[in-house]
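Reader: I am in my first year and still learning how to read a structure. Could you take me slowly through one part of this protein, after a short look at the whole?

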Amino acid sequence: MHYTFALAGNQNSGKTTLFNQLTGSNQHVGNWPGVTVEQKTGTMLHHHHGSQTHIGLPWRVRRNKSNDIIPPKYSDVTIVDLPGIYSLSPYSLEEIVSRNYIVKDKPDVVINIIDATSLERNLYLSLQLLQLSRPVVIALNMMDEVETRGDAIDIVGLEKILGVPVVPICARKGEGLDELVRRTMEVAKSKQLPAKIDICQGAAHKALHAISHLIENSAAAHDMMPLYAATKLFEGDQPLADELGLSSATMHIIEEILTAMEKEVGMERAAVMADTRYRYIERLLKTTYTRGITEGDSTTDRIDKILTHRALSIPVFLLMMLLVFYITFGPIGIWVADGFAALVDRGIDLIATALANWQVAAWVQDLVVSGALMGVGSVLSFMPTILILFLLLSVLEDSGYMARAAFLMDNPLRKIGLNGRAFIPMMMGFGCTVPAVMSARSMNTQRDRRFTIMLTPFMSCGAKVPIYALFTSAFFPGNQVLVMSGLYLLGILVSIAAGLLLKRFVFHGDAAPFIMELPTYRLPTIANVARQMWDKAKDFIRRAFTVIFIATMMVWFLQSFTFTFAPAATMEESMLGIIAGFIAPIFAPAGFGSVEASTAVITGILAKESVVSTLAVLSGVDAESSQMLVTLHSIFPSTLSAVSFLIFILLYMPCVAAYAAMRREMESTRWAFSTVALQTGLAWVISTLVFQLGTLLGLG
């Protein structure tokens, strides 16, 4: 029999880590129907890897007489990773998607992942899931941290009170997963429903049950539990009220019940329900949870006293970013990149020698070596630099620091009309614009989503790193870190200026309130960081041998032939020279009106890495060679023209894949086109101003 398990939990509860452990690479990523919220589904693995034992923890892996791990016999299971949410209220797309899936699609079991170090906050969602009357298993994650802190959780007591299986796990280490799967399968086969628990007292209890009896028939007709529906109406859930189709008379009675309750309690209805849940959780934890470390004494609290300090937090953040750039572009990054580039060059030389020895036709040798290998190899040479940058950003994210950075940036971002949640897409923009734009789905309103997407591409993506590395080594030897840091800072400053303009003329009003959990600091796991590194490397190599390869071939062909398809004797005679001749004057005021520079800008629209490969193909030399540095000085006769070109590359429209993501996430071609037009226009204006003012001041 085929089963479907849904993973539900708060953000930063380890839900995605558990999903990766259960499914491995057997995943499919798409969108939920009708909305731009990411949907992850996967097939459960036949078994789990790694040690599953841990001293002092109440779970053990099953082994045979030869001490081999006995894999669970559950493989015909689909795992659905629901969006991270804090409640089932209809205030965000993520909450609506999760609620609709559980209520309407009816997974066989909902696995509720709870951060065991923050039970009070996590159980708030658990109480709502239990009201849905769907089979539920609670996975208490991060139990290793609970033990480290000296805390104690009465697992049996929790199971008894909540009426559902509670399984302690550590998803990061793969501990307890066999037991979790076994208990979940038992619940799926038996269709065990949660026991009914009554969390309300006093006036709230009377009001809730009065509403429940009043709408019992309507709820049953829509396959909802009356108590769940009553709770949602209690909280003012208008979408659910519309779905039930209650008459105006019934809604009037409900309003009278709730108004009377508010007068008796002296509190607004939504606040009453939140207070009721937290009071129940407080009573529950008094009998099942013992804290070992007093509040404020944990390692996380001590670190946060520095990293979130009112005066020190921003300087510490800037120092961390500077350290990231120093490691990536400084001596360490240069040493790694040079070593890898030497290997790539050696490979190209071997292939070129082999083709010459085999007496392959000259035009084929030129196509393979000067076209394909020179272009793709020039981009691959910079792969270590990009991977080092991704590695450091992954470590900061997995450690829990990035959530603090979002918290710190909330106040500055509000001055341009956004909130701290926008920091995450913007920070991801330093890696790749496509997932950064997609992550803007987490913004609560369409205004905030579109606003964030319009500013995110100003963050310099990782694909531009090879361009910066090439130009800074040619024009700023010894000052690469300083110049690259300046480029990243300029992108941020331009995004701030653009944000202020957009707030003034386009996006009026204030951003939605921002609430975000600050997770416990954790050492990043090698497996998780390695998985992210492999994903980035795989994507980079795929792009190198698809989009960049095609762009390189196009440049070689257009450079090598005339419009009559005769071999071109000079660049000016070629198709590329004639086409670029029409485009180059546009960039002349900015100081880079050459055919080579104009062509690189155009191919950069396909993929930013293509800028380097295009310059390499047009020059006929490898990007890492000393000849390339000489060639760049001939294409860009002054340092000022090179700086102007770098500024334009930094700010102009992202690649076509990013544009497609913008169009999809903004749900509007007009908005997406306006975004790239704004970026490209600003890029031309700023680079032109820099070049013209620099020339007037004699800085050329």
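Author: Let us begin with the whole chain, bearing in mind that this is a predicted model. Of the 700 residues in the protein, 54% are buried, and the secondary structure comes to 32 helices and 9 strands. The radius of gyration is 29 Å, close to the 27 Å that the globule rule gives for 700 residues, so the protein is as compact as a globular protein of that length. If you follow the C-alpha trace along its principal axes, you will find that the trace spans about 90 × 70 × 50 Å. Sequence distance also matters here: among contacts between residues at least 6 apart in sequence, 74% join residues at least 24 apart.

With that background, the part I would like you to look at closely is helix α9, which covers residues 226–234. This helix is mostly covered, since 8 of its 9 residues are buried; the buried ones are Pro226, Tyr228, Ala229, Ala230, Thr231, Lys232, Leu233 and Phe234. Just after α9 comes Gly236, a residue that takes a positive phi of about 80°.

Within α9, Pro226 deserves a moment of its own. Its relative accessible area is 19%, and because buried means under 20%, Pro226 is counted as buried. Leaving aside residues up to four places away in sequence, Pro226 touches Ser212, Ile215, Glu216 and Ala219. Looking much further along the chain, Gln679 is 453 residues from Pro226, and the C-alpha atoms of these two residues are separated by 52 Å.

For a second view, you can turn to a place where two helices meet. Two packed helices are described by the angle between their axes and the distance between the axes. Here the pair is helix α16, residues 362–380, and helix α28, residues 610–619, whose axes come within 8 Å and cross at roughly 140°. That angle makes α16 oblique to α28, because only angles over 145 degrees would count as roughly antiparallel. The crossing in which α16 passes α28 is right-handed. On the α16 side, the residues that meet the partner helix are Ser370, Gly371, Met374, Gly375, Ser378 and Val379, while α28 brings Val612, Ser613, Ala616 and Val617 to the contact. Sorted by character, the residues of this contact divide into 5 nonpolar, 5 polar and no charged.

Key: Residues numbered from 1 in each chain as written. Predicted model: local features only at pLDDT ≥ 70, side-chain atom pairs only at ≥ 80, totals over all residues. Heavy atoms only, no water. Axes fitted to C-alpha atoms, helices over the stretch in contact; angles between N-to-C directions. Helix = DSSP H or I, 4+ residues; strand = E, 2+ residues; numbered from the N terminus. Parallel < 35°, antiparallel > 145°, perpendicular 65-115°, else oblique. Left-handed = near helix turned anticlockwise from the far one by under 90°. Contact = heavy atoms within 4.5 Å. Nonpolar A, V, L, I, M, F, W, Y, C, P; charged D, E, K, R; others polar. Rg over C-alpha atoms; globule rule 2.2 N^0.38 Å. Buried < 20%, exposed > 50% of the residue type's maximum accessible area, 1.4 Å probe, protein only.
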